[in-house]
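I opened the structure file today to go through its helices and a handful of side chains. My notes follow in the order in which I looked things up.

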Amino acid sequence: MRYPSDQKAKAKAAILQSGARALRTNGFNGIGVDGLAASAGVTSGAFYSNFANKEALLEQVIETCVGEPFIDSESGSRAERQDRLRDWLAMYISAAHRADPASGCVMPTLSADVGRANPQVRAAYERKMLELVRKMANVMDGEAPDREKRAWSIIAMMVGAIAISRAMPDGPAADQALESALKTAVALVR
């Protein structure tokens, strides 16, 4: 039986998409290749025909998902870009994001796993983080070194606030962690 010519690409995309959701939900060590394959509706053999191992999938998830989607940091006036960044931060540092790790950003859910991964995965993470810092700094006022420092601080608050608030029971303390981080992050945009 012949398969359509785009079958392999579709299978890889399905594995990547469902694998990213499964890794966000379970962590790298919380799910095996069989579980990743099953979540994509493919066999383990199909997984291995697209990815050499779980770390190869993690690397591709990092390449595809870290810093995405982000606001357009190139078009519009600086004030318009800053308004979009503030809106994006309000969406990111939110109870809705806290409540949905499967669909949320990979940084709060997978950074610890990346820190224990092979050098290629860590290098991919660094590339994507530097790209996000560059995009964010491009939106801000001030000298380049100051903008970059503020971008790093904002990213640390984003990731930290989501991770900390997810670790706590839903309630006032978890909400306060988000509200405080958002207020400070927005102030750093200027």
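Before starting on helix faces I fixed the term: a residue is exposed when its relative accessible area is over 50% and buried when it is under 20%. I also noted that this is a predicted model.

**Entry 1: helix 2**

I looked at helix 2 with those cut-offs. The face turned away from its buried side carries Asp-34 and Ala-38, both exposed. The buried residues of helix 2, which runs over residues 33-40, are Val-33, Leu-36, Ala-37 and Ala-40. Down the helix axis these buried residues fall within an arc of 95 degrees, so they line one face of helix 2. I wrote down the background for this pattern: an α-helix has 3.6 residues a turn, so residues three or four places apart point the same way.

Next I asked what covers the buried residues of helix 2. The cover includes helix 1 (7-26), helix 3 (44-50) and helix 4 (54-65). I then stepped past the end of the helix, where Gly-41 comes just after helix 2 and has a positive phi of about 75 degrees.

**Entry 2: the whole chain**

I went back to the overall picture. The protein chain has ten helices and zero strands. Its C-alpha trace spans about 60 × 40 × 30 Å along the principal axes. Of the 190 residues in the chain, 43% are buried. I also checked contacts between residues at least 6 apart in sequence, and 65% of them join residues at least 24 apart.

**Entry 3: Asn-50**

I picked Asn-50, which sits in helix 3. Is Asn-50 buried or exposed? Asn-50 has a relative accessible area of 13%, and because this is under the 20% cut-off it is buried. Its side chain reaches the backbone oxygen of Ala-46 at 2.8 Å. Leaving out residues up to four places away in sequence, I found Asn-50 touching Lys-8, Ala-11, Lys-12 and Ile-15.

**Entry 4: helix 4 against helix 7**

I looked up how helix 4 and helix 7 (residues 106-115) are placed. Their axes come within 12 Å and cross at roughly 145 degrees, and the crossing is left-handed. From helix 4 the contact takes Leu-58, Val-61, Ile-62 and Cys-65, and from helix 7 Val-106, Leu-110 and Val-114. By class, the residues of this contact are seven nonpolar, no polar and no charged.

**Entry 5: Val-121**

I moved to Val-121 in helix 8. Val-121 counts as buried, with a relative accessibility of 0%. Outside its neighbours within four places in sequence, Val-121 is in contact with Glu-55, Leu-58, Glu-59, Ile-62 and Val-114. I took the C-alpha separation for Ile-62: it lies 7.5 Å from Val-121, with the two positions 59 residues apart along the chain counted as their spacing.

**Entry 6: helix 8 against helix 9**

I then took helix 8 (residues 119-139) with helix 9 (residues 144-167). They pack at an angle of about 115 degrees with their axes 8 Å apart, and their crossing is right-handed. On the helix 8 side I listed Met-129, Leu-130, Leu-132, Val-133, Met-136 and Ala-137. These meet Arg-147, Glu-148, Ala-151, Trp-152, Ile-154, Ile-155 and Met-158 of helix 9. The residues of this contact divide into eleven nonpolar, no polar and two charged.

**Entry 7: Arg-98**

I checked an arginine in helix 6 (residues 95-99), namely Arg-98. Its relative accessible area is 9%, and because that is under 20% I entered Arg-98 as buried. Which side chain makes a polar contact with the side chain of Arg-98? It is that of Asp-175, at 3.0 Å. Beyond residues up to four places away in sequence, Arg-98 touches Ile-162, Ser-165, Arg-166, Asp-170, Ala-174, Asp-175 and Leu-178.

**Entry 8: Arg-190**

Last, I looked at Arg-190, in the segment after helix 10 (172-189). Arg-190 has a phi near 65 degrees, a positive value in a residue other than glycine. For context I noted that most residues other than glycine have a negative phi. Arg-190 has 52% relative accessibility, and because this is over 50% it counts as exposed.

Technical notes: Residues are numbered from 1 along each chain as its sequence is written. This is a predicted model: local features need pLDDT of at least 70, side-chain atom pairs count only at pLDDT 80 or more; totals for chains, interfaces and linings use all residues. Side-chain values use heavy atoms; hydrogens and water are left out. Helices (H or I, at least four residues) and strands (E, at least two) are DSSP runs, numbered from the N terminus. Buried means under 20% relative accessible area, exposed over 50%, partly exposed in between (1.4 Å probe, protein chains only). A polar contact is a pair of N or O atoms within 3.5 Å; within protein, one must be able to donate a hydrogen and the other to accept it, and residues adjacent in sequence count only if both atoms are side-chain atoms. Contact means heavy atoms within 4.5 Å. The arc is that of the directions from the helix axis to the C-beta atoms. Axes are lines fitted to C-alpha atoms, for helices over the stretch in contact, and angles run from 0 to 180 degrees between N-to-C directions. A crossing is left-handed if the near helix is turned anticlockwise from the far one by less than a right angle, and right-handed if clockwise. Ala, Val, Leu, Ile, Met, Phe, Trp, Tyr, Cys and Pro count as nonpolar, Asp, Glu, Lys and Arg as charged, and the others, Gly among them, as polar.
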